[in-house]
Amino acid sequence: MLGRKNLILALVAFVLSGCVGRTMNILQGDFDVSNAPVIRGAEFNMDSNSNKRRAHLEIRDPRNQETRLWDVWNERNQDDHLPKVRADINYVFTSFPVAFDLEWFFKKELMYTSFGFGLDPMPYGKASVGVNGSVGEVGASLFWGADFNHASFENEKYYDGTMFMGPSEEPSDEIEWTKDRYFSFRVGAGAYASLFIGSFALTYAPSVSFPWFLKSYLDSNYEISMSFPSFFTNYFGMTYTYHKQIQASVGVSVVNGMKLENRLYIASTSVSYLF
């Protein structure tokens with residue numbers, strides 16, 4: 001009987017412990033962010049009622065570029081009756097020098113859809129729907145993928161309204177930095193438009209990206225108070241298509257955002273095989 005009573009008390013304590021608020025404020029830090037994949041459409045006039053596959057190899061500017069974010073706050077503290085705290089953080093845009101993806105295009109009359117997957121070096125998927133004709137194409141796209149990025153940050157943690165400070169691992173009275181790699185997800189949406197001039201296509205492809213989409217991986221025991229700001233990518237490029245089989249492209253991606261202090265430029269070139 002005593003054992004059953006102790007078991008019941010232990011279960012009650014476990015349930016009540018789950019109701020205790022655990023909140024983490026991010027005070028300052030550096031967070032790696034993967035560049036968004038550019039979804040550009042077919043970039044040539046596909047035959048009606050036809051299918052195509054495209055293997056795509058892209059070479060990118062390998063430099064990492066950093067920008068400070070401004071006016072970022074730990075907002076959820078207001079719901080917990082805790083003080084509003086500013087987050088002084090930087091995004092470090094990482095650029096892996098080589099990316100590869102494989103796409104499938106399905107056209108019926110003027111409408112077409114596509115889907116694909118790639119590595120840059122982490123896996124991602126993408127899909128689009130659009131209109132493709134003799135003078136150009138327009139469409140909308142989605143992408144999603146995994147990330148395994150570095151993060152280095154200082155935080156303060158609240159446990160049931162009581163604060164203790166420290167880096168991302170251990171409590172400390174001194175400012176310390178803990179750097180580690182964390183698993184997360186990225187998602188985004190965009191559009192594209194191409195003008196066909198002979199065998200050339202002039203393309204513009206804007207998109208919005210949401211990095212660190214599953215921020216709970218930073219610390220699964222605490223609710224992260226800060227929301228990671230989104231950013232915009234505007235791609236401008238030109239593609240040459242040879243006999244609807246070989247494509248060569250060159251372009252530049254302009255990265256900016258309402259919370260990003262600097263505008264970044266990422267050059268790229270690629271070659272594709274259609275079959």
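What follows is a walk through the cores, salt bridges and pockets of this structure.

A word on the ground rules: this is a predicted model, in which local features need pLDDT of at least 70, side-chain atom pairs count only at pLDDT 80 or more, and totals for chains, interfaces and linings use all residues. Residues are numbered from 1 along each chain as its sequence is written, and side-chain values use heavy atoms, with hydrogens and water left out.

Let's start inside. The largest nonpolar core has 24 residues, and Ile26, Phe31 and Leu218 have the most contacts within it. By nonpolar core I mean a set of buried Ala, Val, Leu, Ile, Met, Phe, Trp, Tyr and Cys residues joined through side-chain atoms within 4.5 Å; buried is under 20% relative accessible area, exposed over 50%, and partly exposed in between, with a 1.4 Å probe and protein chains only. Strand 1, strand 6 (88-94), strand 10 and strand 17 each give two or more residues to this core, and strand 1 gives the most, with four. Strands here are DSSP runs (E, at least two residues) numbered from the N terminus. Take Leu218 and look around: leaving out residues up to four places away in sequence, it touches Ile26, Phe31, Ala151, Phe153, Tyr182, Trp212, Ile224 and Phe228, where touching means heavy atoms within 4.5 Å. Apart from this core lies another, of ten residues, including Met46, Tyr112, Ala205 and Tyr235.

Now for the charges. The whole structure holds 13 salt bridges, each being a side-chain nitrogen of Lys or Arg within 4 Å of a carboxyl oxygen of Asp or Glu. One of them pairs Arg54 with Glu103, at 2.7 Å from N to O. Arg54 sits in strand 2 (residues 50-60) and Glu103 in strand 7 (residues 98-108), so the bridge ties together parts 49 residues apart in sequence. Both of these residues are buried.

Strand 7 turns up again with Asp101, whose salt bridge to Lys126 in strand 9 (residues 123-132) ties together parts 25 residues apart in sequence. The closest N and O atoms of this pair are 3.2 Å apart, and here too Asp101 and Lys126 are both buried. Elsewhere, salt bridges that share partners join Glu58, Arg60, Asp120, Asp147 and Arg186 into one network.

What about loops? Asp71 and Lys259 meet in a salt bridge at 3.4 Å, N to O. Asp71 is in the loop between strand 3 (65-68) and strand 4 (73-74), while Lys259 is in the loop between strand 16 (246-256) and strand 17 (264-274), 188 residues away. Asp71 has 32% relative accessibility, so it counts as partly exposed; Lys259, at 28%, is partly exposed as well.

That pair leads us to a pocket. Asp71 and Lys259 both line the second largest one, along with Val72, Trp73, Glu75, Ser227, Phe228, Pro229, Ser230 and Met258. Its space comes to about 170 Å³.

The largest pocket has about 250 Å³ of space. Of its 17 lining residues, Ser34, Thr94, Pro121, Asn149 and Arg181 are the closest to its centre. A pocket, on a 1 Å grid over the protein atoms alone, is an open set of points where a 1.4 Å probe fits, with protein on both sides within 12 Å along at least five of seven lines; lining residues have an atom within 4 Å of a point. Volume is the space filled by probe spheres set on the points, which are joined across faces, edges and corners. Strand 10 provides the largest share of this lining, four residues.
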